[in-house]
Amino acid sequence: MSAPTFKNPLVRWIDHRLPVFTFMHHELNVYPTPRNLNYWWNYGSLAGIALMVMIVTGIVLAMHYSPDVNLAFGSVERIMRDVNYGWLLRYIHVNGGSAFFLVVYIHIFRGLYYGSYKAPRELLWMLGVVILLLMMMTAFMGYVLPWGQMSFWAATVITNLFSAVPLVGEAIVNWLWGGFSVGDPTLKRFYALHYLLPFVIVAVVVLHLWALHRFGSNNPLGIDAKGPQDKIPFHPYYTAKDLFGLGVFLVVFAGFVFFAPNFFSEPVNYIPANPFVTPLHIVPEWYLLPFYAILRAVPDILFIEAKLAGVIAMFASIFVLFLLPWLDPSPVRSARFRPLYKQFFWVFVADCIVLGWVGANPPVGHFIVIGRIATAYYFLHFLVLMPLLGKFERPQPVPASIGEPALKGGAAAAGARAKPMEKA
Amino acid sequence: MRRFAMMLAAAAIGLAGGAALAAEGPAAPEQTWSFAGLFGTFDRAAQQRGFQVYNQVCSACHGLSFVAYRNLEAIGFTADDVKAIAAEREVTDGPNDEGEMYQRPARPSDAFVSPFPNDQAARVANNGALPPDLSLITKARPDGANYLHGLLVGYGEPPADLTVPDGMYYNAYFAGHQIAMPPPLSEGAVEFADGTPATVEQMAEDVTVFLSWAAEPELEARKRMGVKTLLFLIVFTGMLYAVKRKVWMKLH
């Protein structure tokens with residue numbers, strides 16, 4: 001990769017002093033990318049676009065929103081009714097949150113399926129988990145801002161989790177609240193943090209991309225590129241593919257924004273917050289339901305009471321992801337060549353959906369049992385199955401190079417051309 | 001288009017994993033609403049009749065505080081109509097030059113005047129029950145329009161095994177079947193300007209249309225823009241697919 005020569009003299013002048021154009025040329029234009037990425041690789045760029053959409057709509061919403069317990073609910077309604085296209089901004093922001101989580105979850109499951117967390121991409125994966133954690137915090141605090149019934153009670157339930165911490169729990173909760181109950185100071189700090197955290201996410205995304213570009217994308221075969229014939233420049237190939245994926249995503253997204261804008265919302269959140277009336281069921285947004293299920297699944301264990309055990313389990317369910325690169329010793333990345341892992345992967349996906357379903361329902365009757373089994377299986381998958389599979393599974397032989405199967409069925413000449421270069 | 005929307009909804013239901021609240025009462029029967037569907041719009045005549053029902057019946061107890069009188073122009077009232085409607089109510093304004101608060105007739109720019117100065121006053125006047133503000137009522141209840149309509153026509157004699165205490169009324173669709181609101185609508189409670197017979201069913205339907213508009217005044221603009229946006233995006237995405245195919249042709 002040599003430095004490009006730019007035609008525009010001003011660009012040349014700037015680039016000589018601050019090589020930002022060379023940087024963009026290398027990272028966005030000629031950036032070598034495996035030629036065999038399928039459409040599951042679209043979700044990374046979609047997540048980046050979703051983040052940008054959230055930040056832009058969020059900043060405009062912030063210009064009209066009042067973080068005050070007496071004004072918040074009304075100011076959101078004013079955005080919906082009196083601000084020009086305020087309803088559009090808010091519905092994009094509200095549904096954008098769901099869309100962001102959806103594409104990020106698909107992105108994560110893609111990483112799990114194709115072993116994208118394995119060496120040398122462990123840090124890339126861990127930075128992704130950090131982004132997920134930050135997203136959850138941001139989304140939770142954003143959910144509180146409209147100051148509806150579910151906003152208030154979700155804030156109360158989630159902040160109360162910290163009271164489970166031994167000795168200092170009570171003090172931590174009061175410190176979080178800025179008082180003795182969820183109130184005006186809580187709303188104001190949540191607003192400040194909801195504005196701050198997305199920019200922290202942007203910073204971690206930069207690191208995530210930096211780590212990504214060190215070795216480039218993993219690919220559906222999970223094998224390393226053997227030579228330049230296995231890679232293609234990012235532009236125009238993946239810019240074109242990502243743009244098409246974006247188009248499909250926007251069609252679905254617009255369907256929700258314009259025709260079912262409250263599909264993911266709880267009706268009760270259109271009732272102003274009332275500390276004296278508890279909603280029948282307090283539930284988080286759909287994307288946090290599996291973790292909510294884990295929180296409520298754990299019973300008293302020995303001397304640890306259920307509340308604390310649940311909180312530990314919930315945080316552990318995310319932190320276990322940090323350890324995944326070392327829990328899976330299999331040398332083969334892609335599940336395509338791991339006959340057993342492939343099946344357990346889908347069982348795990350089903351387990352996460354079951355957890356979400358349990359989280360959406362009150363913890364009574366068979367939901368308790370199912371929730372406990374699903375929670376146990378969640379940890380079993382990472383802590384027991386992954387290490388064992390890596391040891392005892394007999395993976396199928398992986399192809400010698402990316403180019404070989406990708407070009408199979410294509411021109412025979414292309415295959416012939418790829419062959420000799422492999423030996424180099 | 002309708003099928004597409006249904007597919008979207010079906011896919012999303014799968015994702016949401018039944019996140020909806022558990023039903024709090026029996027589901028109200030489904031009505032046909034002109035504002036449902038991809039091309040839905042409000043029926044202006046029904047909206048205006050519904051406003052009349054709200055103004056002459058509901059507004060005795062229920063506020064509509066997020067809606068301003070000027071908004072009524074959007075449902076077909078003229079500026080003069082709106083001025084006259086607003087002027088029927090009194091609001092407190094001030095302080096004036098002498099530092100005094102004073103009463104004046106409401107103006108089109110004012111929000112709908114609430115019947116009670118505060119929640120406590122509302123409770124005292126209503127046997128301890130608080131009549132909710134109706135600005136968002138159809139959005140704040142699952143399946144809001146059907147629920148509201150069902151609630152308004154759902155009064156009747158309780159079944160033999162249910163005793164309803166004094167000051168409460170039996171309602172088929174209210175959670176727990178006991179509601180503090182007396183049956184608000186009775187045959188001929190209002191006299192519609194357009195001569196439509198004011199049956200309970202008719203008034204319930206019309207006021208539901210009006211309050212659905214009050215909750216989602218952007219609905220018509222939203223759906224109009226949505227149809228255009230979707231058409232554009234589908235065509236544009238088709239073109240992007242062609243570009244992708246063309247670019248990748250060299251590789252395959």
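Are A:Lys118 and A:Asp328 buried or exposed? Both turn out to be buried in this predicted model, and that makes the pair a handy place to start. The two side chains meet in a salt bridge, with N and O 3.0 Å apart. In sequence, the partners sit 210 residues from each other. A:Lys118 is found in the loop between helix 5 (86-113) and helix 6 (122-144) of chain A, while A:Asp328 belongs to the loop between helix 12 (306-327) and helix 13 (339-360).

A:Asp328 has another partner to deal with: A:Arg338, which forms a salt bridge with A:Asp328 at 3.2 Å between the closest N and O atoms. Here both residues come from the loop between helix 12 and helix 13 of chain A, so this pair ties together parts just ten residues apart in sequence. A:Arg338 is buried as well, like A:Asp328.

Chain B has a salt bridge of its own to show, between B:Asp206 and B:Arg49, whose closest N and O atoms come within 2.6 Å of one another. B:Asp206 is part of helix 6 and B:Arg49 part of helix 2 (residues 44-56), so the bridge ties together stretches of chain B that are 157 residues apart in sequence. How buried are the two ends? B:Asp206 has a relative accessible area of 1%, and B:Arg49 has 12%; with the cut-off for buried set at under 20%, both residues count as buried. Back in chain A, salt bridges with shared partners join A:Lys118, A:Asp328, A:Arg338 and A:Glu393 into one network. Over all chains, the search of the whole structure turns up 16 salt bridges.

As for chain B as a whole, its fold is built from seven helices and four strands. Read from the N terminus, the order of elements is α-α-α-β-β-α-α-β-β-α-α. The chain is more spread out than a compact globule: its radius of gyration is 23 Å, whereas a compact globule of 252 residues would come out near 18 Å. Along the principal axes, the C-alpha atoms of chain B fill a box of roughly 80 × 60 × 40 Å. Of its 252 residues, 39% count as buried. Among contacts in chain B with a separation of 6 or more, 61% are between residues 24 or more positions apart.

Then there is the meeting of the two chains. Chain A puts 48 residues into the contact and chain B puts in 46. Together they bury about 4100 Å², and carbon and sulfur atoms give 75% of that area. What does the polar side of the interface look like? There are seven residue pairs in polar contact between the chains, counting pairs with both residues at pLDDT 80 or more. Salt bridges between chain B and chain A come to a count of one, and that one pairs A:Asp82 with B:Arg70, at 3.4 Å between the closest N and O atoms.

On the chain B side, helix 1 (2-16), helix 6 (200-215) and helix 7 (219-249) each supply at least two of the residues that touch chain A. Helix 7 gives the largest share, with 16 residues. Sorted by class, this side of chain B has 30 nonpolar, six polar and ten charged residues. Helix 6 thus appears twice in the picture: helix 6 supplies residues to the side that touches chain A, and helix 6 also holds B:Asp206, the partner of B:Arg49 in helix 2.

Methods. Residues numbered from 1 in each chain as written. Chains lettered and ligands numbered in written order. Predicted model: local features only at pLDDT ≥ 70, side-chain atom pairs only at ≥ 80, totals over all residues. Heavy atoms only, no water. Contact = heavy atoms within 4.5 Å. Buried area = accessible area lost by both parts, 1.4 Å probe. Salt bridge = Lys/Arg side-chain N within 4 Å of Asp/Glu carboxyl O. Polar contact = N/O pair within 3.5 Å; in protein donor to acceptor, adjacent residues only side chain to side chain. Nonpolar A, V, L, I, M, F, W, Y, C, P; charged D, E, K, R; others polar. Rg over C-alpha atoms; globule rule 2.2 N^0.38 Å. Buried < 20%, exposed > 50% of the residue type's maximum accessible area, 1.4 Å probe, protein only.
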